[in-house]
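Below are some notes for a colleague who is meeting this structure for the first time. They are arranged as numbered points, each of which can be followed with the model open alongside.

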Amino acid sequence: MLLFSTTINYMDRQVVSYLKEYFCTPVAQGGFGWTNIDYGNLISWFTAFYAGVTIISGWVIDKIGTKLGLALSLIIWSTFGVLNAFVGRTVALNIAVRSLFGIGEGGNFPASIKTVAEWFPRKERALATGIFNSGSNIGAMVASLFVPWCMVFFGPALGWKMAFILTGGIGFIWLIFWFILYNSPAKHKYLTKQEFDYIHSDADNYAVHAAPSEDVVKDEDKAKVSWFRLLTYRQTWAFFVGKFMTDGIWWFLLFWLPDYLKKQFGIDTHHVGWPTFIVYGVAIVGSIYGGRIPMLFMNRGWATYKARMTTMLILALFPLVLLTTQFFGDKAIFGDHALILAICVICIGAAAHQAWSANLFTTVSDMFPKIAVASVTGIGGAAGGLGGVLVQQLAGHLTDYYKATPQTAYLYMFCTCALAYIIAWGIMKLLVPKFTPISKEELC
């Protein structure tokens, strides 16, 4: 269920990246007549609202629970995703609706990370997170083929509207299954005592041999965490830095990769879907396998934090290959092979990001009790959104400033992407040099 909600989340989010060319086509030629900065502002406002609400939604989800919290988020983002089809070409109206869309999308990851913390012991959480997080790639893959198809099948004037309507409507189907199938372990009537004991074998909030009962549910519901108290811990700020430094890189790949391929290699709208499809497809491997690496270390007796941070250090080295993107993408040197080589380099960076992200998310449930997971994830989500705003603004201004030579703009962007992870890892290690988990008693 989390895999599908994340897939829908990113499919809806990704629609605008494949409509950018239409949005930026002059009005006389049938488009919206936007500039690159207009498009960058649209993404930035969405990102800003996404970030601002993520920090609140995490706190709300810790209060109302994952079942209702994720459902409410999906209803909001799906509704405004559909409404985006009816606002026309006015930049301000598109920004307003896309910002409200971002309010809904902000709840997906806090709810999902909290759900993983509720349903899995520590050693399995990175893998579980990697599996549901791969939905971000699947959603992008679906959008990369579906949105261009809409533009061709329905024609540009209707196609952009149908892309919003059809992708936005899918979420309501998911909602039916979510209400039927999901409940927390303490409330799930089909969960056996053995399964409950295994889930809580890390003794996070409950005794190892506790059984699901009304008392457990009541204790969980009564537990309250001060959001401001969370900000006093270095562990919170380590996650904040990790998200701030690296989330924007993935958003850059989501929202600007189609534009890069068109400007660097002259690919048209009808053919841009397949290269991006490949990038996001390879990133799925990184998301899932990256979640397995710390399990291998922990199965050999490594401590949780050592296994997690060693894995993240290894993963932080792979994006450095992005420094060579524009070299391998130079058609004057590599001719027709330049596109293939550039895509290969970007695939490595994208897969590394998803593997990094799966492990970064899991540091929250490593360090904090389950009652605080959604709140801390929300704080990190806000940080990631803030970083995303800065990256979108940088991309928009660079591509407008170097309009005649977009290769230069993207050289600067890929260099930024390459260095972000190793810097983030270094700061995180300085903030939390050794494993120091926060107990439930400390927070409450």
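1. Please keep in mind throughout that this is a predicted model. A convenient place to begin is tyrosine 410, which is buried with a relative accessible area of 1%. Phenylalanine 252, at 2% relative accessibility, likewise counts as buried, because buried means under 20% relative accessible area. The rings of phenylalanine 252 and tyrosine 410 have centres 6.2 Å apart and planes at 40 degrees, so this pair is classed as tilted. Since phenylalanine 252 lies in helix H12 (residues 234–265) and tyrosine 410 in helix H19 (residues 406–431), the pair ties together parts of the chain that are 158 residues apart in sequence.

2. The count of aromatic pairs in the model comes to 41. Tyrosine 10 and phenylalanine 109 form an edge-to-face pair, with 6.2 Å from centre to centre and 90 degrees between the planes. This pair also links distant parts of the chain, given that tyrosine 10 sits in helix H1 and phenylalanine 109 in helix H5, 99 residues apart. Tyrosine 10 is buried, with a relative accessible area of 5%, and phenylalanine 109 is buried with a relative accessible area of 5%. Elsewhere, one aromatic cluster is formed by Tyr22, Phe23, Phe32, Trp34, Trp160 and Phe164.

3. Turning to charged side chains, the structure holds eight salt bridges. In one of them, the side chains of aspartate 259 and lysine 20 meet at 3.0 Å, N to O. Aspartate 259 belongs to helix H12 and lysine 20 to helix H1, so the contact ties together parts that are 239 residues apart in sequence. Where do these two partners stand, buried or exposed? Aspartate 259 counts as buried at 7% relative accessibility, and lysine 20 counts as buried at 5%.

4. Helix H12 also holds a salt bridge between lysine 243 and aspartate 247, whose closest N and O atoms are 3.0 Å apart. These residues are four apart in helix H12, which means that about one helical turn separates them. Lysine 243 is buried, with a relative accessible area of 4%, and aspartate 247 is buried as well, with a relative accessible area of 10%. Salt bridges that share partners, in turn, join Lys20, Asp259 and Lys263 into one network.

5. A further salt bridge can be examined in helix H9 (residues 193–199), where lysine 193 and aspartate 197 are four residues apart and therefore separated by about one helical turn. Their side chains meet at 2.9 Å, N to O. The two ends of this bridge fall into separate classes of exposure: lysine 193 is partly exposed, with a relative accessible area of 40%, whereas aspartate 197 is buried, with a relative accessible area of 13%.

6. Two helices may be checked for their end-to-end span. Helix H4 (residues 91–105) has 15 residues and reaches 21 Å from its first C-alpha to its last, close to the 21 Å expected at 1.5 Å a residue. Helix H13 (residues 273–299) has 27 residues that should span 39 Å at 1.5 Å a residue, and its end C-alpha atoms are 40 Å apart, which agrees. Just after H13, glycine 301 takes a positive phi of about 100 degrees.

7. Helix H4 deserves a second look for its surroundings. Its buried residues are Asn94, Ile95, Val97, Arg98, Ser99, Phe101, Gly102, Gly104 and Glu105. Which helices do these buried residues pack against? They pack against helix H1 (2–23), helix H2 (36–64), helix H3 (66–83), helix H5 (108–119) and H8.

8. Finally, the surface should be considered alongside the buried contacts described above. Met1, Ile173, Ile176, Phe177, Ile180 and Leu181 form a nonpolar patch there, with about 600 Å² of accessible area together. Leucine 181, one of these residues, has its place in helix H8 (residues 156–181). With a relative accessible area of 48%, leucine 181 is partly exposed, because exposed means over 50% and buried means under 20%.

Terms used: Residues are numbered from 1 along each chain as its sequence is written. This is a predicted model: local features need pLDDT of at least 70, side-chain atom pairs count only at pLDDT 80 or more; totals for chains, interfaces and linings use all residues. Side-chain values use heavy atoms; hydrogens and water are left out. Patches are made of residues with over 30% relative accessible area and no salt bridge: like charges are joined within 9 Å, nonpolar side chains (Val, Leu, Ile, Met, Phe, Trp, Tyr) within 5 Å. Accessible areas come from the Shrake-Rupley method with a 1.4 Å probe; for residues, only the protein chains shown count as cover. A salt bridge is a side-chain nitrogen of Lys or Arg within 4 Å of a carboxyl oxygen of Asp or Glu. Helices (H or I, at least four residues) and strands (E, at least two) are DSSP runs, numbered from the N terminus. Buried means under 20% relative accessible area, exposed over 50%, partly exposed in between (1.4 Å probe, protein chains only). The expected span of a helix is 1.5 Å times one less than its number of residues. Contact means heavy atoms within 4.5 Å. Rings of Phe, Tyr and Trp (its six-membered ring) pair if their centres lie within 6.5 Å; planes under 30 degrees apart count as stacked, over 60 as edge-to-face and the rest as tilted.
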